[in-house]
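Notebook open, coffee poured. I want to look up the overall build first, then the ligand site, then whatever the database record adds.

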Amino acid sequence: MRTDSSPTTIYRKDYTPPAYLVDTVELGFDLAPASTVVANRITLRRNPDAAGSDIVLHGEEIELVQLRLNGQLLGEGDYELSAATLTIRNAPAEVVLEIETVCAPVENTSLSGLYVSNGNFFTQCEAEGFRRITFFPDRPDVMAKYTVMLRANKEQYPVLLSNGNLIEQGDLDDGRHYAKWEDPFKKPSYLFALVAAKLVCQEEQFKLADGRDVLLQVWVEDGNLDKTDYAMQSLKNSIRWDEERFGLELDLDRFMIVAVGDFNMGAMENKGLNIFNTKFVLANPRTATDIDFAGIEAVVGHEYFHNWTGNRVTCRDWFQLSLKEGLTVFRDQEFSADMIGTDTGRAVTRIDQVRTLRQAQFPEDAGPMSHPVRPDSFVEINNFYTVTVYEKGAEVVRMYQTLLGRDGFRKGMDLYFDRHDGQAVACDDFRAAMADANGRDLTQFERWYSQAGTPVVTARTRYDAVKRNFDIILSQRGKPGQLPFHIPVAVGLLGADGKDLPLTLEHGKHAKGATTLVLELTEQEQIFRFREVDERPTPSILRDFSAPVILEHDYTDDELLHLFNHDSDPVNRWEAGQRLAMERLLKLTAQVAAHGAANLKLDQTFINAMRTVLSDESLDPAFRELALILPSETIIAEQMDVVDPQAIHTARQFMRHTIGTVLKAELLAQYHANQTPGEYSPDAASAGKRALKNLCLSYLLAAPEAAELQLAQQQFDNATNMTDRSAALVSLIHSGTDNGPHLQAFYDDFANEALVVDKWFAMQASAPTTNVAAVRKLMQHPAFTLKNPNRARSLIFNFTNANPSQFHAADGSAYEFWAEFVIKLDAINPQVAARLARAMDRWRRYAPALQAKMKQALEKVAARQLSNDVAEVITKALA
Ligand code: 0A1
Ligand code: ZN
């Protein structure tokens with residue numbers, strides 16, 4: 001884990017195919033926490049498409065016991081062993097290697113490789129964890145068939161799982177037992193998994209479209225079987241959806257999901273044996289919120305969809321990560337949208353995606369870790385499981401669908417699988433399939449993969465009343481030196497009555513009467529002329545957020561209000577409201593910074609717009625909720641040249657306070673109108689009502705009086721589900737009113753529910769009243785531990801990333817706290833530490849006094865002996 005030399009950078013351009021391919025892998029495990037013996041028999045042959053006769057195997061933190069080549073025991077002179085590789089020079093064309101190694105799972109706190117969580121064994125091999133289990137060419141372009149024999153104590157580890165099908169099991173001496181698994185499909189090593197554990201499962205036989213019966217299982221710790229229904233239902237929905245939307249079927253007889261409490265990420269798509277963070281499996285109404293339920297649906301879908309996009313067709317090298325991740329995120333996004341099934345429901349999911357991009361991806365792409373969707377280099381691949389590779393990658397995939405249509409996209413997918421099933425390929429291969437299946441030239445589209453940063457699209461308009469022409473002049477700019485992108489810009493025009501005008505685009509082929517057209521901006525500047533336009537329209541540009549860009553257009557308030565009240569495209573309708581709010585937030589922030597918090601004002605126009613949308617019961621509650629949320633402090637900060645977190649917080653709180661006061665009657669009315677009595681259901685309609693109701697509550701508590709406090713307390717006491725219970729508690733504690741008793745009651749009720757205890761820490765960490773001293777105090781709580789990633793994130797990350805006014809306290813004390821815990825976490829789990837390190841990404845944008853303190857903290861970390869993971873982030877931040 002420790003680097004004793006300076007970290008090396010790996011470049012995409014240096015890719016070379018492996019000298020040897022692996023056909024079969026036979027693994028034998030004798031599992032014991034302190035010392036697990038791994039016997040690995042691999043058959044290799046020279047790669048006809050590569051040069052060289054050296055076999056290079058990766059291996060880290062494992063001890064080599066014995067090595068045989070074609071039956072011959074090798075001595076130390078027969079191979080070279082370094083800290084990270086084992087090399088056998090001038091090997092024969094066909095080789096059988098038998099490798100025996102030992103590792104120590106219980107010592108493994110990095111949660112990469114084979115580790116122990118709550119007494120059970122789990123593995124995590126993506127990206128480069130397999131080499132921590134055995135020596136192997138641990139790269140995704142080496143695909144092989146695996147057979148796995150697991151041996152362990154039967155009482156302690158009654159459940160023995162691996163990829164594929166169970167072909168044999170039985171008892172051994174000394175109270176041990178064994179299970180033998182065979183995966184019929186070739187796979188890269190990063191998809192290997194095993195579980196040896198005391199677990200129980202919910203299982204079901206499920207009929208596939210072709211009539212085959214498959215066994216579905218969700219494995220959890222005893223006591224959690226009452227929280228597996230939603231994951232199981234989501235799995236069945238995912239299987240159906242992939243059959244119907246993409247014609248893709250489950251290729252195994254058995255598909256397993258296993259939940260583990262200690263996990264670095266959300267979940268992992270190991271072939272036939274998905275391993276999940278408990279956060280994305282366990283849910284019942286008492287313990288999980290609507291957002292948790294939606295997260296489970298999305299992640300179960302995501303991992304299942306990887307079976308085709310990732311597993312059957314995998315990545316040639318890790319620079320191509322977005323090939324599987326961008327595509328699979330797009331697929332899970334479409335799945336979640338289709339599960340809601342309504343147009344506004346789909347729009348609501350789209351708005352959520354836009355919010356994520358702005359909250360996390362745009363800042364990443366404007367900061368020191370900015371990288372293209374397909375990076376050109378990295379030091380530590382684990383640092384590139386980013387919102388850029390995932391979410392921007394999904395936007396890139398979505399743009400194919402926008403450009404080619406749903407049917408064209410499907411044709412491209414079909415061709416992609418026809419061509420590449422069973423292969424390890426590159427992003428270019430996906431693009432070629434999309435282009436070839438549709439007879440389109442997508443050469444320029446490649447720039448979305450190679451050029452980093454968020455392009456800015458500027459729109460100007462002119463109307464010629466005599467000729468009845470309306471021109472939209474679009475121009476684009478990327479980072480200096482970049483070439484123009486191929487940008488789909490979906491556009492509609494609104495008449496004075498708020499209705500869409502039928503569009504006639506000069507030189508354009510399109511259906512008569514169309515009201516939204518996709519303009520293709522491919523040059524630096526282009527003019528698009530609409531003809532037969534009888535009145536000066538209000539343009540609705542970038543409908544459905546048709547490209548991951550920043551759109552600049554000088555909208556007047558009147559135009560924005562028109563769009564906010566009428567746009568038939570819900571995403572742009574929402575967007576108009578965000579623009580109205582952002583203008584005001586920026587002005588108020590500037591005013592606070594210059595003159596303090598006195599005499600702030602919020603105009604009646606804006607308040608009326610909010611009032612109208614709040615009370616418009618023809619609108620979906622979920623949409624109204626989104627329309628009423630102000631842009632976050634992070635998103636506001638991104639609009640400013642010099643960030644003043646306190647001023648932003650004060651300005652935003654003022655707006656919330658004003659809305660809460662002036663619209664009190666309407667908020668109360670909607671609070672009561674959007675109750676969801678009866679049995680809890682996480683469906684989108686009910687969740688939308690709860691979201692709106694709870695947003696009303698939080699506005700009412702922005703300036704609470706006794707009656708509002710009582711309302712929140714009542715909701716807390718009477719809630720029949722976690723959504724309402726936690727929302728009431730968050731409103732109470734974030735309003736700064738006395739909360740000791742409620743927090744204690746909540747903790748006492750859920751002390752045995754780890755995921756709820758995480759929420760308990762998280763809601764305190766993100767409360768604007770929680771300062772760094774309070775966080776340090778919370779760390780003394782017996783339930784706190786740095787070793788569990790969910791717990792560490794719940795307290796530390798929610799403070800550093802979701803509580804900007806406290807994190808940026810003027811004395812820099814929170815930066816010191818950050819440095820201390822980056823260093824402490826790095827010794828335990830470099831991946832988690834590196835994520836925390838990213839909290840300082842944007843340090844150069846803060847006022848000089850804060851900047852100086854942030855730099856000091858960064859330098860303090862930089863001075864230490866660090867993992868590659870943290871070293872890369874810190875070095876880039878300081879560069
Ligand atoms: N492929 C998984 C994400 C993942 C990546 C790395 C992990 O451990 C270091 C774990 C999971 C996904 O996209 O869901
Ligand atoms: Zn994924």
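Started with the radius of gyration. I'm working from a predicted model here. For 879 residues a compact globule should come out near 29 Å, and the protein has 28 Å, so the two agree. I also checked the box along the principal axes: the C-alpha atoms fill roughly 85 × 65 × 60 Å.

Next, burial. Counting as buried any residue with 20 or more other C-beta atoms within 10 Å of its own, I get 50% of the 879 residues.

Then contacts. Looking at those with a separation of 6 or more, I find that 71% of them join residues 24 or more positions apart.

Secondary structure next. I have 26 helices and 31 strands down for the protein.

On to ligand 1. Which residues are the closest to ligand 1? I noted Q124, E126, N264, M265 and M268, out of 15 residues that surround it. I sorted the shell by character as well: seven residues are polar, four are charged and four are nonpolar. Then I asked which elements supply at least two residues of this shell. My notes say β20 (267–268) and α2 (290–305) each do.

Last, the record. UniProt has an unreviewed entry that lists residues 49–191 as "domain: Aminopeptidase N-like N-terminal". I went back to the model for that stretch: residues 49–191 are 52% strand and 0% helix. The C-alpha atoms at the two ends of the stretch sit 24 Å apart.

Conventions: Residues are numbered from 1 along each chain as its sequence is written. Chains are lettered from A and ligands numbered from 1 in the order in which they are written. This is a predicted model: local features need pLDDT of at least 70, side-chain atom pairs count only at pLDDT 80 or more; totals for chains, interfaces and linings use all residues. A residue is near a molecule or strand if its C-beta atom, placed from the backbone, lies within 6 Å of it. Helices (H or I, at least four residues) and strands (E, at least two) are DSSP runs, numbered from the N terminus. Ala, Val, Leu, Ile, Met, Phe, Trp, Tyr, Cys and Pro count as nonpolar, Asp, Glu, Lys and Arg as charged, and the others, Gly among them, as polar. The radius of gyration is taken over C-alpha atoms; the globule rule is 2.2 Å times the number of residues to the power 0.38. A residue is buried if 20 or more other C-beta atoms lie within 10 Å of its own, exposed if 12 or fewer, and partly exposed in between; C-beta atoms are placed from the backbone. Two residues are in contact if their C-beta atoms, placed from the backbone, lie within 7 Å. UniProt positions are given in the numbering used here, feature names are shortened, and annotations may be inferred rather than shown by experiment.
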